[in-house]
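I opened this notebook to record what I looked up in the model, one topic at a time. Backbone oddities come before the cavities and pockets.

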Amino acid sequence: MARRIEITTGARVLWLVEVQFGGDVVRMSTEDIVVETSAGAALRFVGCLPELEVAVALSQIGGVQAAPSLSFEAVWPVAVAELVEAGHPLAFARATVSRWVEGSDYEDRRIVVDGYVNNPGYGEDDEPTAVTIEAPPWSATAVLPPTGHQVTGYTSVEGASSLTADHLGRLYPVVFGSPGLVGARVDADLRQPGSKARWIDQRSVADGSDYMTIRTLIAGHHVDVERVYVYGETGASWRLYVVNGYDDLGQPIAFLPWFASSNPTGAPHDSYDLGTYVYSYGLTDFDGTMSYGLGAATLPDTINGADSGEPTPELHIAWVDDEDLGRGGLAGDAGSVLEYLVRRMGLPVDAGMFAAAKQLLTTYRLDFAIDESCVVWDFIKSQLLPALPVSLVVGPLGVYPLVWRFDATAGDAVEHFDLDTATDVERLGGIETDTSQICNELTIKYARNSRTGSTAAAVTFGGKAYDADRGDELPEPTFRRSQQRLRDLNGQPLVLHRDLELPVVSRDGTAAAVASWYAAAFGLPIRRLRLVADESRCQHISEGAIVTVTDSRVHLDEAVCMVEEVLYGTDAPLELSLVMLGARERSRG
């Protein structure tokens with residue numbers, strides 16, 4: 001067992017376990033205690049618990065926290081077998097595990113595990129009941145696009161009869177940000193095919209030869225773009241108007257109409273009522289150039305079909321609205337994308353922590369569409385987390401992203417540990433250095449082209465070669481410092497290369513932001529240390545918290561660190577595992 005400090009200040013901290021079972025709440029602790037609520041109610045806890053230990057740790061960056069859990073055996077203060085046989089199942093009973101500082105209100109306890117009883121085992125009344133209390137499991141079944149968001153005879157009752165078999169059953173795209181809005185490294189026009197369209201009606205009989213019912217769907221939800229660029233299977237793009245509407249099941253969609261319709265001010269409308277709006281095949285737009293409906297005669301056959309009016313089978317969309325490049329589909333900032341997908345999984349969300357994370361993730365703009373069925377959880381793990389400096393955390397109020405703050409300073413710290421003067425905190429062992437994950441040159445492939453299915457950009461960030469600058473490489477300061485420091489046996493810079501493919505990223509700026517956090521995370525060795533501290537002092541500290549450490553014995557002076565793990569025990573100080581994050585601390589790794 002690790003060496004422990006003597007608690008010289010503060011109050012005792014006890015375990016509280018509460019299980020909703022048998023029509024009541026079973027309350028247990030490590031000793032008989034009474035805990036008062038802020039309203040003055042007395043809650044009695046029976047002292048039947050053994051010594052307990054729970055570790056709450058962050059995953060590695062880009063990973064998912066293993067949900068904290070607690071397993072124990074104890075003789076419960078109720079007749080477990082009798083209650084189960086009376087119809088009160090113990091399996092999946094709601095339960096919480098918390099830490100309570102003696103003398104504080106019940107509402108001020110720290111919840112460590114909020115979940116369910118799993119795998120219970122019990123016997124006679126005087127025999128121990130064994131349980132594991134853990135958070136709900138991650139949902140692995142939620143899919144996008146949602147079931148029912150596809151081209152069928154139900155969603156397009158009359159239009160489906162005009163479609164060929166290969167068009168039926170296609171899923172409505174779910175669009176985030178502005179797929180196809182790219183930087184100069186990808187295309188001089190700053191756009192490329194970014195998402196697929198879905199034909200939902202190809203009838204050419206209504207209104208004589210005007211084919212007014214013909215339309216193609218671009219999103220299975222409403223959008224705020226008023227125009228987009230449309231590509232056929234080959235060739236150039238054309239600017240077309242967008243309409244928000246509904247399919248025949250009443251589900252919101254965005255589509256391209258046959259006519260370019262406008263209200264008297266010339267702004268695109270949000271419904272397709274031809275009796276109300278003046279319409280044409282093309283209109284002079286806000287910038288004096290033309291925007292079109294699908295039926296414009298000037299459009300090539302690759303966009304709206306041959307003279308017979310038969311549409312081309314495949315269209316692709318660049319979500320570029322020249323009037324306002326901030327318009328697009330669903331919100332594309334990284335925090336909003338993560339929140340949308342986590343909610344789609346049916347998991348509870350910690351809204352407050354998500355809001356805080358969004359403020360730290362504004363640099364990361366994600367632009368992509370999901371147009372083939374995928375398991376949401378698999379998509380998050382394989383496509384989103386590799387792009388972002390986050391760990392997903394299962395907190396007592398729900399799931400949220402914990403942002404690794406490599407730019408944190410001492411001013412961001414929630415606690416300052418001065419081991420030179422404090423009597424309630426001590427370093428546990430020495431400082432450990434981890435060199436196993438070093439990377440100092442990174443190639444990022446991004447800007448997925450929906451027509452080709454491949455990424456259009458590949459940019460390398462590194463230290464540049466020292467005998468000659470490489471024109472195809474962009475300098476990254478931390479990568480350069482790493483290559484200057486690390487040498488092979490011949491004295492040459494040791495270049496440790498990785499490739500990272502990010503189809504959800506389209507913009508040059510976001511690719512550069514990814515390279516920056518990647519360099520901060522992996523460019524130099526990682527240093528860690530462990531502390532033990534009086535828990536009553538650390539009630540406000542949880543995984544992800546920024547703290548500073550001063551310890552002259554190892555020459556640390558307000559070293560900026562982040563809490564990676566918290567280990568809670570019984571009648572013992574708290575153990576904290578810290579990783580050094582500050583710019584100064586990482587540069588000395």
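**Entry: Asn119.** I asked whether Asn119 is buried or exposed. Its relative accessibility is 60%, and the cut-off for exposed is over 50%, so Asn119 counts as exposed. The model is a predicted one, and I read every value here as computed from it. Asn119 sits in strand S8. I looked it up for its backbone: phi is near 50°, a positive value in a residue that is not glycine.

**Entry: His555.** A second non-glycine residue with positive phi is His555, where the angle is near 60°. I place His555 in the loop that runs between strand S36 (546–551) and strand S37 (556–568). With a relative accessible area of 72%, against a cut-off of over 50%, His555 is therefore exposed.

**Entry: cis peptide.** Which two residues does the cis peptide bond join? I find Leu144 and Pro145, with omega at about -15°. Pro145 belongs to the loop between strand S10 (143–144) and strand S11 (174–176).

**Entry: cysteines.** I wanted the disulfide count. With sulfur pairs required to lie within 2.5 Å, the count is zero. I also checked burial for two cysteines. Cys439 has 0% relative accessibility and so counts as buried. Cys561 is likewise buried, at a relative accessible area of 0%.

**Entry: cavities.** How many cavities of 30 Å³ or more does a search of the whole structure find? I get two.

The largest cavity has a volume of about 60 Å³. Its lining is made of Pro68, Ile111, Val112, Val113, Asp114, Ala135, Val394, Gly395 and Pro396. Two elements give two or more residues to that lining, strand S8 (110–121) and strand S26 (390–395). S8 supplies the largest share, four residues. I note that S8 is also the strand that holds Asn119. By class, the lining of the largest cavity has seven nonpolar residues, one polar and one charged. Asp114 is in the lining and Asp counts as charged; Gly395 is in the lining and Gly counts as polar.

The second largest cavity holds about 40 Å³ of space. I list its lining as Trp76, Val78, Ala79, Val80, Ala81, Gly123, Glu124, Asp125, Glu127 and Thr129. The class split for this lining is five nonpolar, two polar and three charged.

**Entry: Thr129.** I followed up one of the residues that line the second largest cavity, Thr129. Thr129 is in strand S9 (residues 129–134). Buried or exposed? Thr129 has 2% relative accessibility, and the cut-off for buried is under 20%, so Thr129 counts as buried. I then listed its contacts, leaving aside neighbours within four places in sequence: Phe72, Glu73, Ala74, Trp76, Val80, Leu90, Gly121 and Tyr122. Trp76 and Val80 are in this contact list and are also in the lining of the second largest cavity.

**Entry: largest pocket.** I next turned to the open sites. The largest pocket has a volume of about 710 Å³. It is lined by 30 residues, and those closest to its centre are Met353, Tyr400, Leu402, Ser542 and Glu543. The elements that give two or more residues to this lining are S8, helix H4 (351–360), S26 and strand S27 (398–403). S8 and S26 are therefore on my list for this pocket as well as for the largest cavity. I count the lining by class as 19 nonpolar, six polar and five charged residues.

**Entry: second largest pocket.** What is the volume of the second largest pocket? It is about 480 Å³. Of its 22 lining residues, the closest to the centre are Phe406, Asp407, Ser516, Trp517 and Ala520. At least two lining residues come from each of helix H6 (477–485), helix H7 (508–522) and helix H8 (583–587). H7 gives the largest share, four residues. The lining divides into twelve nonpolar, five polar and five charged residues.

Notes. Residues are numbered from 1 along each chain as its sequence is written. This is a predicted model: local features need pLDDT of at least 70, side-chain atom pairs count only at pLDDT 80 or more; totals for chains, interfaces and linings use all residues. Side-chain values use heavy atoms; hydrogens and water are left out. On a 1 Å grid over the protein atoms alone, a cavity is a set of points where a 1.4 Å probe fits but cannot get out, and a pocket is an open set with protein on both sides within 12 Å along at least five of seven lines; lining residues have an atom within 4 Å of a point. Grid points are joined across faces, edges and corners, and a volume is the space filled by probe spheres set on the points. Buried means under 20% relative accessible area, exposed over 50%, partly exposed in between (1.4 Å probe, protein chains only). Contact means heavy atoms within 4.5 Å.
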